[in-house]
Amino acid sequence: MNTLLECHELTKKYSFKTAIDRLNLTLEPGKIIGLLGPNGSGKTTLIKLINGLLTPTEGTILINGTAPGVATKKQIAYLPDRSYLNDWMSVSELIQFFADFYDDFRPARAFDMLDALKINPKDRLKTLSKGTKEKIQLILVMCRTASLYILDEPIAGVDPAARDFIIHTIINNYNPSSSVLISTHLIADIESILDDVIFIKDGTVTLHKSVDDIRMEEGKSVDTLFREVFAC
Amino acid sequence: MAWNLDDNRPIYLQLVEEMQLRIVTGIYLPGEKIPSVRELAAEAAVNPNTMQKAFGELERSGLIITQRTSGRMVTKDASLINEIKNLMAKDIIDAFLNNMKQLGYTRENTLNLLADTLKKEDSL
(Lines give C-alpha, C1' and ligand atoms only; values in the text may rest on other atoms or scores of the structure.)
Protein backbone atom coordinates (compact mmCIF):
# COMPACT_ATOMS: atom_id res chain seq x y z
CA MET A 1 0.00 0.00 0.00
CA ASN A 2 1.44 3.37 -0.98
CA THR A 3 1.18 6.21 1.47
CA LEU A 4 -0.47 9.53 0.76
CA LEU A 5 0.73 11.37 3.81
CA GLU A 6 3.47 10.58 6.25
CA CYS A 7 4.32 12.61 9.36
CA HIS A 8 7.39 11.51 11.27
CA GLU A 9 8.22 12.82 14.76
CA LEU A 10 6.53 16.05 13.74
CA THR A 11 6.90 18.89 16.25
CA LYS A 12 5.71 22.50 16.17
CA LYS A 13 6.51 24.93 18.96
CA TYR A 14 5.11 28.46 19.27
CA SER A 15 7.71 30.15 21.49
CA PHE A 16 6.92 28.42 24.82
CA LYS A 17 3.94 26.33 23.77
CA THR A 18 4.31 22.97 22.05
CA ALA A 19 1.30 22.61 19.73
CA ILE A 20 2.39 19.42 17.97
CA ASP A 21 4.58 17.04 19.92
CA ARG A 22 6.54 14.30 18.05
CA LEU A 23 3.48 13.26 16.09
CA ASN A 24 3.59 10.21 13.83
CA LEU A 25 0.85 9.63 11.29
CA THR A 26 0.41 7.72 8.03
CA LEU A 27 -2.58 8.08 5.72
CA GLU A 28 -3.45 5.79 2.82
CA PRO A 29 -5.39 6.75 -0.31
CA GLY A 30 -9.08 5.92 -0.72
CA LYS A 31 -10.26 6.80 2.75
CA ILE A 32 -12.38 9.36 4.53
CA ILE A 33 -10.74 10.15 7.84
CA GLY A 34 -12.01 12.17 10.78
CA LEU A 35 -9.47 14.25 12.69
CA LEU A 36 -10.99 14.59 16.13
CA GLY A 37 -9.75 16.29 19.25
CA PRO A 38 -10.81 18.82 21.86
CA ASN A 39 -10.21 22.55 21.44
CA GLY A 40 -6.53 23.38 21.43
CA SER A 41 -5.39 19.82 20.79
CA GLY A 42 -3.43 20.81 17.68
CA LYS A 43 -5.82 19.93 14.84
CA THR A 44 -5.56 23.20 12.94
CA THR A 45 -1.81 23.44 13.55
CA LEU A 46 -1.37 19.95 12.06
CA ILE A 47 -3.51 20.90 9.06
CA LYS A 48 -1.52 24.10 8.51
CA LEU A 49 1.74 22.12 8.69
CA ILE A 50 0.49 19.63 6.09
CA ASN A 51 -0.50 22.53 3.84
CA GLY A 52 2.89 24.22 4.21
CA LEU A 53 1.39 27.29 5.90
CA LEU A 54 3.59 26.62 8.92
CA THR A 55 7.05 25.07 8.99
CA PRO A 56 7.80 22.27 11.43
CA THR A 57 10.15 22.97 14.36
CA GLU A 58 11.34 19.38 14.04
CA GLY A 59 10.39 16.24 12.17
CA THR A 60 9.19 15.67 8.63
CA ILE A 61 6.02 15.65 6.54
CA LEU A 62 5.81 13.94 3.17
CA ILE A 63 2.85 14.15 0.78
CA ASN A 64 3.20 11.45 -1.88
CA GLY A 65 6.88 11.44 -0.98
CA THR A 66 7.38 15.23 -1.27
CA ALA A 67 7.84 17.83 1.47
CA PRO A 68 5.16 20.59 1.56
CA GLY A 69 5.74 23.23 -1.12
CA VAL A 70 4.44 24.42 -4.47
CA ALA A 71 4.25 20.87 -5.85
CA THR A 72 2.21 19.53 -2.93
CA LYS A 73 -0.27 22.43 -3.13
CA LYS A 74 -1.30 20.99 -6.49
CA GLN A 75 -2.17 17.74 -4.76
CA ILE A 76 -4.00 19.09 -1.71
CA ALA A 77 -7.37 20.82 -1.79
CA TYR A 78 -7.70 22.72 1.47
CA LEU A 79 -10.77 24.21 3.13
CA PRO A 80 -9.51 26.50 5.91
CA ASP A 81 -11.47 27.12 9.10
CA ARG A 82 -12.20 30.67 7.99
CA SER A 83 -12.94 32.47 4.75
CA TYR A 84 -10.12 33.98 2.71
CA LEU A 85 -12.14 34.75 -0.42
CA ASN A 86 -12.63 38.30 -1.68
CA ASP A 87 -16.18 39.13 -0.71
CA TRP A 88 -16.59 41.78 -3.42
CA MET A 89 -16.34 39.04 -6.07
CA SER A 90 -19.38 37.32 -7.53
CA VAL A 91 -19.69 33.56 -7.27
CA SER A 92 -18.95 33.07 -10.97
CA GLU A 93 -15.87 35.31 -10.65
CA LEU A 94 -14.68 33.10 -7.79
CA ILE A 95 -15.10 30.04 -9.98
CA GLN A 96 -13.00 31.72 -12.67
CA PHE A 97 -10.48 32.66 -9.97
CA PHE A 98 -10.15 29.02 -8.91
CA ALA A 99 -9.97 27.86 -12.52
CA ASP A 100 -7.08 30.30 -13.06
CA PHE A 101 -5.26 29.10 -9.98
CA TYR A 102 -5.74 25.35 -10.28
CA ASP A 103 -5.38 23.28 -13.45
CA ASP A 104 -7.40 20.49 -11.83
CA PHE A 105 -10.47 22.64 -11.11
CA ARG A 106 -13.76 21.56 -12.78
CA PRO A 107 -15.91 24.69 -13.32
CA ALA A 108 -18.81 22.81 -14.95
CA ARG A 109 -19.21 20.65 -11.88
CA ALA A 110 -19.10 23.73 -9.63
CA PHE A 111 -21.90 25.39 -11.64
CA ASP A 112 -23.96 22.18 -11.44
CA MET A 113 -23.64 22.12 -7.67
CA LEU A 114 -24.54 25.81 -7.34
CA ASP A 115 -27.58 25.11 -9.46
CA ALA A 116 -28.59 22.21 -7.20
CA LEU A 117 -28.38 24.56 -4.21
CA LYS A 118 -30.21 27.32 -6.08
CA ILE A 119 -27.34 29.75 -5.62
CA ASN A 120 -27.23 32.46 -8.27
CA PRO A 121 -23.67 32.64 -9.70
CA LYS A 122 -24.13 36.39 -10.30
CA ASP A 123 -24.55 37.13 -6.59
CA ARG A 124 -21.67 38.80 -4.83
CA LEU A 125 -20.19 36.87 -1.94
CA LYS A 126 -20.79 39.68 0.57
CA THR A 127 -24.53 39.63 -0.08
CA LEU A 128 -24.80 35.96 0.93
CA SER A 129 -25.41 34.41 4.33
CA LYS A 130 -22.66 32.81 6.40
CA GLY A 131 -23.94 29.30 5.67
CA THR A 132 -24.17 29.95 1.93
CA LYS A 133 -20.60 31.29 1.92
CA GLU A 134 -19.45 28.10 3.60
CA LYS A 135 -21.25 25.98 1.01
CA ILE A 136 -19.59 27.93 -1.81
CA GLN A 137 -16.15 27.50 -0.28
CA LEU A 138 -16.73 23.77 0.05
CA ILE A 139 -17.91 23.52 -3.57
CA LEU A 140 -14.77 25.34 -4.73
CA VAL A 141 -12.53 22.95 -2.79
CA MET A 142 -14.36 19.74 -3.70
CA CYS A 143 -14.43 20.63 -7.42
CA ARG A 144 -10.69 20.28 -7.60
CA THR A 145 -9.23 16.90 -8.56
CA ALA A 146 -6.79 16.51 -5.69
CA SER A 147 -5.25 13.48 -4.05
CA LEU A 148 -5.86 14.81 -0.54
CA TYR A 149 -8.80 16.97 0.53
CA ILE A 150 -8.38 18.64 3.90
CA LEU A 151 -11.53 20.13 5.37
CA ASP A 152 -11.13 22.13 8.57
CA GLU A 153 -14.55 22.35 10.29
CA PRO A 154 -16.66 22.09 7.11
CA ILE A 155 -20.03 21.69 8.84
CA ALA A 156 -19.75 24.06 11.77
CA GLY A 157 -21.94 26.92 10.61
CA VAL A 158 -24.58 25.36 8.38
CA ASP A 159 -28.12 24.13 8.95
CA PRO A 160 -28.91 20.37 9.12
CA ALA A 161 -30.17 20.25 5.52
CA ALA A 162 -26.99 21.89 4.27
CA ARG A 163 -25.02 19.46 6.43
CA ASP A 164 -26.68 16.60 4.55
CA PHE A 165 -25.72 18.28 1.29
CA ILE A 166 -22.10 18.57 2.41
CA ILE A 167 -22.03 14.93 3.48
CA HIS A 168 -23.47 13.88 0.12
CA THR A 169 -20.94 16.04 -1.66
CA ILE A 170 -18.13 14.30 0.17
CA ILE A 171 -19.54 10.82 -0.57
CA ASN A 172 -20.24 11.54 -4.22
CA ASN A 173 -16.79 12.95 -4.67
CA TYR A 174 -15.20 9.89 -3.15
CA ASN A 175 -12.66 8.19 -5.34
CA PRO A 176 -10.30 5.33 -4.48
CA SER A 177 -7.11 7.23 -5.32
CA SER A 178 -7.73 10.17 -3.01
CA SER A 179 -8.44 10.68 0.66
CA VAL A 180 -10.43 13.21 2.64
CA LEU A 181 -9.28 14.42 6.05
CA ILE A 182 -12.07 16.14 7.99
CA SER A 183 -11.53 18.01 11.23
CA THR A 184 -14.68 18.56 13.26
CA HIS A 185 -16.34 18.64 16.66
CA LEU A 186 -19.66 17.44 15.27
CA ILE A 187 -18.70 13.78 15.26
CA ALA A 188 -22.16 12.21 15.37
CA ASP A 189 -23.13 13.98 12.14
CA ILE A 190 -20.30 12.57 10.06
CA GLU A 191 -19.50 9.33 11.83
CA SER A 192 -21.26 7.15 9.27
CA ILE A 193 -19.21 8.47 6.36
CA LEU A 194 -15.82 7.98 7.98
CA ASP A 195 -13.54 4.99 7.40
CA ASP A 196 -11.09 5.87 10.13
CA VAL A 197 -10.85 8.30 12.99
CA ILE A 198 -7.78 9.91 14.48
CA PHE A 199 -7.95 11.17 18.06
CA ILE A 200 -5.45 13.91 18.77
CA LYS A 201 -4.62 15.22 22.21
CA ASP A 202 -1.88 17.60 23.36
CA GLY A 203 -0.35 17.47 19.90
CA THR A 204 -0.02 13.70 19.57
CA VAL A 205 -2.15 10.95 18.04
CA THR A 206 -3.76 8.90 20.78
CA LEU A 207 -5.93 6.65 18.59
CA HIS A 208 -6.06 5.79 14.87
CA LYS A 209 -8.70 3.18 14.10
CA SER A 210 -11.63 2.32 11.84
CA VAL A 211 -15.10 3.42 12.96
CA ASP A 212 -16.49 -0.11 12.71
CA ASP A 213 -13.57 -1.55 14.72
CA ILE A 214 -14.28 0.96 17.47
CA ARG A 215 -17.98 0.08 17.45
CA MET A 216 -17.17 -3.64 17.38
CA GLU A 217 -14.61 -3.52 20.20
CA GLU A 218 -16.13 -0.86 22.41
CA GLY A 219 -19.81 -1.44 21.60
CA LYS A 220 -20.32 2.29 21.34
CA SER A 221 -20.20 5.08 18.81
CA VAL A 222 -17.11 7.18 18.16
CA ASP A 223 -19.06 10.16 19.48
CA THR A 224 -19.64 8.39 22.82
CA LEU A 225 -16.04 7.20 22.99
CA PHE A 226 -14.83 10.73 22.33
CA ARG A 227 -16.95 12.09 25.19
CA GLU A 228 -15.49 9.48 27.51
CA VAL A 229 -11.86 9.87 26.46
CA PHE A 230 -11.95 13.66 26.55
CA ALA A 231 -14.36 14.11 29.48
CA CYS A 232 -13.72 17.41 31.23
CA MET B 1 -36.09 4.70 1.40
CA ALA B 2 -34.70 5.66 4.78
CA TRP B 3 -31.86 3.79 6.41
CA ASN B 4 -32.16 3.90 10.18
CA LEU B 5 -28.72 3.27 11.51
CA ASP B 6 -28.04 2.63 15.16
CA ASP B 7 -25.12 4.63 16.62
CA ASN B 8 -23.50 1.91 18.66
CA ARG B 9 -23.24 -1.07 16.33
CA PRO B 10 -20.83 -1.52 13.42
CA ILE B 11 -22.27 0.23 10.38
CA TYR B 12 -21.45 -2.49 7.85
CA LEU B 13 -23.40 -5.10 9.88
CA GLN B 14 -26.44 -2.84 9.86
CA LEU B 15 -26.10 -2.35 6.12
CA VAL B 16 -25.96 -6.15 5.66
CA GLU B 17 -29.13 -6.52 7.76
CA GLU B 18 -30.98 -3.82 5.83
CA MET B 19 -30.04 -5.41 2.48
CA GLN B 20 -31.12 -8.84 3.74
CA LEU B 21 -34.43 -7.35 4.83
CA ARG B 22 -34.92 -5.74 1.42
CA ILE B 23 -34.22 -9.06 -0.30
CA VAL B 24 -36.43 -11.28 1.90
CA THR B 25 -39.31 -8.81 1.75
CA GLY B 26 -39.05 -8.65 -2.03
CA ILE B 27 -38.04 -5.00 -2.40
CA TYR B 28 -35.23 -6.49 -4.49
CA LEU B 29 -36.63 -9.56 -6.26
CA PRO B 30 -34.70 -12.80 -6.96
CA GLY B 31 -32.51 -12.36 -10.04
CA GLU B 32 -33.06 -8.60 -10.04
CA LYS B 33 -30.18 -6.20 -10.52
CA ILE B 34 -29.43 -4.11 -7.43
CA PRO B 35 -28.26 -0.47 -7.36
CA SER B 36 -24.53 0.26 -7.36
CA VAL B 37 -22.43 0.60 -4.22
CA ARG B 38 -22.11 4.31 -4.84
CA GLU B 39 -25.86 4.84 -5.25
CA LEU B 40 -26.71 2.87 -2.12
CA ALA B 41 -23.92 4.58 -0.14
CA ALA B 42 -25.32 7.96 -1.10
CA GLU B 43 -28.85 6.84 -0.21
CA ALA B 44 -27.78 5.57 3.22
CA ALA B 45 -25.35 8.50 3.72
CA VAL B 46 -22.50 6.14 4.52
CA ASN B 47 -18.96 5.73 3.30
CA PRO B 48 -18.78 3.79 -0.01
CA ASN B 49 -16.02 1.59 1.47
CA THR B 50 -18.40 0.53 4.24
CA MET B 51 -21.14 -0.31 1.72
CA GLN B 52 -18.55 -2.26 -0.28
CA LYS B 53 -17.69 -4.23 2.86
CA ALA B 54 -21.38 -5.03 3.41
CA PHE B 55 -21.68 -6.19 -0.21
CA GLY B 56 -18.65 -8.43 0.33
CA GLU B 57 -20.46 -10.05 3.24
CA LEU B 58 -23.66 -10.52 1.19
CA GLU B 59 -21.65 -12.06 -1.64
CA ARG B 60 -19.99 -14.49 0.73
CA SER B 61 -23.38 -15.65 1.99
CA GLY B 62 -24.48 -16.10 -1.63
CA LEU B 63 -27.42 -13.72 -1.34
CA ILE B 64 -25.88 -11.38 -3.90
CA ILE B 65 -24.11 -12.56 -7.01
CA THR B 66 -21.60 -10.48 -8.91
CA GLN B 67 -21.40 -10.93 -12.64
CA ARG B 68 -18.49 -9.47 -14.50
CA THR B 69 -20.62 -7.97 -17.23
CA SER B 70 -23.96 -7.08 -15.71
CA GLY B 71 -23.13 -5.93 -12.20
CA ARG B 72 -24.68 -7.30 -9.04
CA MET B 73 -27.95 -9.13 -8.72
CA VAL B 74 -30.00 -10.92 -6.09
CA THR B 75 -29.62 -14.71 -6.09
CA LYS B 76 -32.31 -16.75 -7.88
CA ASP B 77 -31.99 -19.42 -5.19
CA ALA B 78 -35.38 -19.14 -3.42
CA SER B 79 -34.44 -21.67 -0.75
CA LEU B 80 -31.40 -19.61 0.26
CA ILE B 81 -33.54 -16.48 0.56
CA ASN B 82 -36.01 -18.47 2.64
CA GLU B 83 -33.24 -19.78 4.86
CA ILE B 84 -32.05 -16.20 5.57
CA LYS B 85 -35.66 -15.19 6.23
CA ASN B 86 -36.02 -18.00 8.80
CA LEU B 87 -32.78 -16.94 10.49
CA MET B 88 -34.03 -13.37 10.75
CA ALA B 89 -37.36 -14.56 12.18
CA LYS B 90 -35.53 -16.64 14.74
CA ASP B 91 -33.46 -13.61 15.82
CA ILE B 92 -36.66 -11.60 16.36
CA ILE B 93 -38.23 -14.43 18.40
CA ASP B 94 -35.08 -14.89 20.49
CA ALA B 95 -34.98 -11.18 21.26
CA PHE B 96 -38.68 -11.21 22.17
CA LEU B 97 -38.32 -14.23 24.47
CA ASN B 98 -35.32 -12.66 26.10
CA ASN B 99 -37.21 -9.42 26.77
CA MET B 100 -40.17 -11.33 28.22
CA LYS B 101 -37.84 -13.26 30.47
CA GLN B 102 -36.34 -9.99 31.72
CA LEU B 103 -39.86 -8.81 32.55
CA GLY B 104 -40.28 -11.93 34.66
CA TYR B 105 -42.62 -13.96 32.44
CA THR B 106 -42.24 -17.72 32.41
CA ARG B 107 -42.38 -19.50 29.07
CA GLU B 108 -45.93 -20.57 29.83
CA ASN B 109 -47.07 -17.03 30.77
CA THR B 110 -45.50 -15.71 27.60
CA LEU B 111 -47.22 -18.31 25.45
CA ASN B 112 -50.62 -17.61 27.04
CA LEU B 113 -50.23 -13.86 26.66
CA LEU B 114 -49.22 -14.27 23.04
CA ALA B 115 -52.23 -16.52 22.35
CA ASP B 116 -54.56 -13.96 24.02
CA THR B 117 -53.12 -11.08 22.03
CA LEU B 118 -53.48 -12.99 18.76
CA LYS B 119 -57.07 -13.90 19.63
CA LYS B 120 -57.94 -10.25 20.33
CA GLU B 121 -56.32 -9.23 17.06
CA ASP B 122 -58.41 -11.78 15.17
CA SER B 123 -61.66 -10.52 16.69
CA LEU B 124 -60.95 -6.92 15.62
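A residue is called buried when its relative accessible area is under 20%, exposed when that area is over 50%, and partly exposed when the value falls in between. By this scale A:Lys209, with a relative accessible area of 27%, is partly exposed. The legends below describe close-up views of a predicted model.

**View 1. A:Glu217 and A:Lys209 are joined by a salt bridge.** The closest N and O atoms of A:Glu217 and A:Lys209 are 2.6 Å apart. A:Glu217 counts as exposed because its relative accessibility is 52%, whereas A:Lys209 counts as partly exposed because its relative accessible area is 27%.

**View 2. A:Arg22 and A:Asp21 form another salt bridge within chain A.** In this pair the closest N and O atoms lie 3.8 Å apart. With a relative accessibility of 53%, A:Arg22 is classed as exposed, while A:Asp21, at 27% relative accessibility, is classed as partly exposed.

**View 3. Helix H5 of chain A holds both partners of a salt bridge, A:Lys130 and A:Glu134.** The helix runs over residues 130-142, and the two partners are four residues apart in it, which is about one turn of the helix. Between A:Lys130 and A:Glu134 the closest N and O atoms are separated by 3.9 Å. A:Lys130 has a relative accessible area of 59%, and is therefore exposed.

**View 4. A:Ile139, in helix H5 of chain A, is a buried residue.** Is A:Ile139 buried or exposed? Its relative accessible area is 2%, so A:Ile139 is buried, the cut-off for that class being under 20%. When neighbours within four places in sequence are left aside, A:Ile139 is in contact with A:Ala110, A:Met113, A:Leu114 and A:Leu117. A further residue, A:Ile167, stands 28 residues away from A:Ile139 along the chain, and the C-alpha atoms of these two isoleucines are 12 Å apart.

**View 5. Salt bridges link A:Glu28, A:Lys31 and A:Asp196 in a network.** Over all chains of the model, the count of salt bridges comes to 17.

**View 6. Chain B is divided into two domains, which touch each other.** Domain 1 of chain B covers residues 11-76 and domain 2 of chain B covers residues 79-122, and their C-alpha centres lie 28 Å apart. Where they meet, eleven residues of domain 1 of chain B are in contact with five residues of domain 2 of chain B. The two domains bury about 650 Å² between them, and 84% of this area is on carbon and sulfur atoms. B:Gln20, B:Val24 and B:Leu63 supply 59% of the area that domain 1 of chain B buries against domain 2 of chain B, which is more than any other three residues supply.

**View 7. Helix H1 of chain B gives the most to the side of domain 1 of chain B that touches domain 2 of chain B.** This helix, residues 11-24, contributes five residues to that side. Taken together, the residues of the side of domain 1 of chain B that touches domain 2 of chain B divide into six nonpolar, four polar and one charged. Between the two domains there are zero salt bridges, and the count of residue pairs in polar contact is likewise zero, where both residues must have pLDDT 80 or more.

**View 8. Chain B and chain A meet in an interface that takes 18 residues from chain B and 20 residues from chain A.** Together the chains bury about 1,500 Å², of which 47% is on carbon and sulfur atoms. B:Ile11, B:Arg38 and B:Asn47 supply 31% of the area that chain B buries against chain A, more than any other three residues. How many salt bridges and how many residue pairs in polar contact are found across the interface of chain B and chain A? There are zero salt bridges, but there are 14 residue pairs in polar contact, with both residues of each pair at pLDDT 80 or more.

**View 9. Three helices of chain B, namely H1, H2 (37-44) and H3 (48-60), each supply at least two residues of the side of chain B that touches chain A.** Helix H3 of chain B gives the most to this side, with four residues. The residues of the side of chain B that touches chain A divide into eight nonpolar, five polar and five charged.

Terms used. Residues are numbered from 1 along each chain as its sequence is written. Chains are lettered from A and ligands numbered from 1 in the order in which they are written. This is a predicted model: local features need pLDDT of at least 70, side-chain atom pairs count only at pLDDT 80 or more; totals for chains, interfaces and linings use all residues. Side-chain values use heavy atoms; hydrogens and water are left out. Domain bounds come from an automatic or database domain assignment. Contact means heavy atoms within 4.5 Å. Buried area is the accessible area (1.4 Å probe) that two parts lose on being put together, summed over both. A salt bridge is a side-chain nitrogen of Lys or Arg within 4 Å of a carboxyl oxygen of Asp or Glu. A polar contact is a pair of N or O atoms within 3.5 Å; within protein, one must be able to donate a hydrogen and the other to accept it, and residues adjacent in sequence count only if both atoms are side-chain atoms. Ala, Val, Leu, Ile, Met, Phe, Trp, Tyr, Cys and Pro count as nonpolar, Asp, Glu, Lys and Arg as charged, and the others, Gly among them, as polar. Buried means under 20% relative accessible area, exposed over 50%, partly exposed in between (1.4 Å probe, protein chains only).
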